[in-house]
Amino acid sequence: MSSEKSYSSSWIEENKERFIKISDRIWELAELGLIELKSSKLLADELRENGFTVELGVAGMPTAFVATWGKGRPVIGIMGEYDALPGLSQKKTSAKAPLVSGKPGHACGHNIHGTSGMAATLALKKTMEKCGVEGTIRFFGCPAEENFSGKVFMVRDGYFNDLDAAISHHPGSMNAATLKSTLAVNSAKFHFYGRAAHAGGSPDQGRSALDAVELMNVGVNFLREHVIQDARIHYTIEKGGEQPNIVPSYARSWYYVRAPERDQLQFIYDWVVDIAKGAAMMTRTELKHEFMGGLYNVIPNRTISELIAGNMRVIGTPEYSDEELKFAKEIAKSIPTDMKIEQLRKSTRPGWEKLIDKLIDDEAPDPWREGEVSHGSTDVGDVSWQTPTVEFSTATCVLGTPGHSWQFVAQSGVGLGHKSLIFAAKVMAATAIDLFLNENLLDKAKREYKKRVEGKEYTSPIPPETKPPLDIWNRSA
Ligand SMILES: [Zn+2]
């Protein structure tokens with residue numbers, strides 16, 4: 001390991017209790033997207049107190065911020081998230097038990113996401129000062145990844161324009177910097193307005209908005225046969241009326257449409273909107289179509305992914321105490337083996353069969369999944385269209401842990417999560433050091449990025465006049 005990387009790793013190790021405390025505090029706060037006021041402040045204050053210039057409330061979101069230190073090129077970005085998920089509150093126990101029933105929980109480990117990035121950012125400043133490394137380091141505090149995709153607004157407003165590369169860490173069940181892409185997505189609400197009437201006495205007078213919602217869903221369900229295999233269409237009915245003896249005058253559905261490329265997505269999305277219009281015509285109701293937001297697919301980067309995998313191996317994956325292993329074994333009992341096997345198979349990791357009997361991933365394999373698409377979506381995708389970008393994962397959870405689950409919440413707040421956080425911070429700092437110090441590597445990453453986006457264009461999926469939906473948690477049904 002180079003002296004710069006040894007220095008940053010030791011510095012993170014010496015200061016780890018401070019970072020674990022911050023991560024645990026964000027875990028306890030479990031604030032929802034766009035209202036992560038205390039969580040974002042914790043991270044922003046820490047960076048400001050350590051000499052960073054912090055711009056808080058960027059891109060129209062009070063909980064979005066950019067912290068900068070250094071001067072000149074290269075400019076390396078590190079991203080952090082800190083939003084929780086609704087209804088997933090959970091204690092730090094190996095059995096399902098909400099901490100506060102019905103409240104949010106960190107079921108995607110974003111308490112670690114934000115803190116690992118911040119710890120790496122602070123370590124980079126210390127290392128650059130100590131070792132005389134030139135360049136600028138920028139930490140992006142990114143709100144609302146889970147619902148309103150804060151990064152897309154930050155990208156649209158130009159905050160990622162001058163980066164040479166960007167790195168992000170996400171808690172997971174594997175140590176992995178893969179080359180997979182994700183699905184582009186559009187999110188929209190369909191409001192139908194009809195006419196109320198007595199459903200028994202005078203239904204002929206009524207025009208049912210719920211009929212329109214149902215007919216739209218039927219139409220879309222028939223559409224499924226005629227879209228590409230990798231597409232995904234899903235919906236909920238948010239509002240379906242009041243009670244059976246009133247013809248519903250208002251009903252609303254919420255749709256996500258996903259596909260590997262934006263043009264494929266647009267084709268399907270336009271068809272879904274046409275079906276909604278057809279449903280309104282069939283029921284003589286009125287349609288209001290509310291576009292909620294969209295995301296691009298992820299552009300992977302092999303050059304940076306290989307650096308990350310290499311740094312993981314040099315730094316060494318975490319070792320666990322007896323107490324941590326005991327907790328891991330207990331929590332693993334709640335995960336059915338068939339579910340674990342399916343998750344491992346789906347990961348397509350070379351030799352995944354060998355992981356079936358393993359509790360925690362303790363390897364750091366070379367990047368894989370080139371040309372594959374995972375069927376989720378992330379706003380890291382939009383950043384990856386601006387600059388060479390990699391989001392890697394470290395093992396926060398036992399193998400087989402489902403995403404967005406109570407098991408994920410529990411593990412993100414205990415020793416397993418803490419070790420993952422510190423390991424990830426060291427890996428991120430080391431990878432940024434590689435990019436700061438080795439111009440050839442950075443050029444290689446940039447050439448690769450240019451090749452991957454060649455002939456394609458990024459246009460923000462969000463219209464210029466659209467503002468982040470800051471009032472979302474106060475809106476009445
Ligand atoms: Zn997440």
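Buried means under 20% relative accessible area, exposed over 50%, and partly exposed in between. The model shown in these views is predicted.

**View 1. Alanine 97 in the loop between strand S3 and helix H4**. The loop that holds alanine 97 follows strand S3 (75-81) and leads to H4. Alanine 97 has 21% relative accessibility, so alanine 97 counts as partly exposed. Beyond its neighbours within four places in sequence, alanine 97 is in contact with Gln90 and Lys91. Serine 116 lies 19 residues from alanine 97 in sequence. In space, the C-alpha atoms of alanine 97 and serine 116 are 27 Å apart.

**View 2. The zinc ion and its protein donors**. Cys108 binds through SG. His110 and His170 each contribute NE2. The donors lie 2.1 to 2.3 Å from the zinc ion. Their spacing in sequence is C-x1-H-x59-H. The histidine pair links distant parts of the chain, 60 residues apart. Histidine 110 belongs to helix H4 (residues 110-131), and histidine 170 to strand S5 (residues 165-172). Both histidine 110 and histidine 170 are buried.

**View 3. Glutamate 129 in helix H4**. Is glutamate 129 buried or partly exposed? Glutamate 129 counts as partly exposed, because its relative accessibility is 43%. Lysine 239 is 110 residues away from glutamate 129 in sequence. The C-alpha atoms of glutamate 129 and lysine 239 are 56 Å apart in space.

**View 4. Helix H6, its length and its N-terminal cap**. H6 runs over residues 209-223, 15 residues in total. At 1.5 Å a residue, H6 should span 21 Å. Its end C-alpha atoms are 21 Å apart, so the model agrees with the expected span. Serine 208 caps the N-terminal end of H6. A side-chain oxygen of serine 208 lies 3.2 Å from the backbone nitrogen of leucine 210.

**View 5. The buried residues of helix H6**. Which residues of H6 are buried? They are Ala209, Ala212, Val213, Met216, Asn217, Val220 and Leu223. These residues cover an arc of only 135° around the axis, which puts them on the same side of H6. An α-helix has 3.6 residues a turn, so residues three or four places apart point the same way. What covers the buried residues of H6 includes three strands and a helix: S6 (184-193), S7 (232-239), S8 (250-259) and H7 (262-283).

Notes:
Residues are numbered from 1 along each chain as its sequence is written. This is a predicted model: local features need pLDDT of at least 70, side-chain atom pairs count only at pLDDT 80 or more; totals for chains, interfaces and linings use all residues. Side-chain values use heavy atoms; hydrogens and water are left out. Helices (H or I, at least four residues) and strands (E, at least two) are DSSP runs, numbered from the N terminus. The expected span of a helix is 1.5 Å times one less than its number of residues. Buried means under 20% relative accessible area, exposed over 50%, partly exposed in between (1.4 Å probe, protein chains only). The arc is that of the directions from the helix axis to the C-beta atoms. Contact means heavy atoms within 4.5 Å. A polar contact is a pair of N or O atoms within 3.5 Å; within protein, one must be able to donate a hydrogen and the other to accept it, and residues adjacent in sequence count only if both atoms are side-chain atoms. Donors are N, O and S atoms within 2.8 Å of the metal (3.2 Å for Na, K and Ca); water is not among the atoms, so sites may look incomplete.
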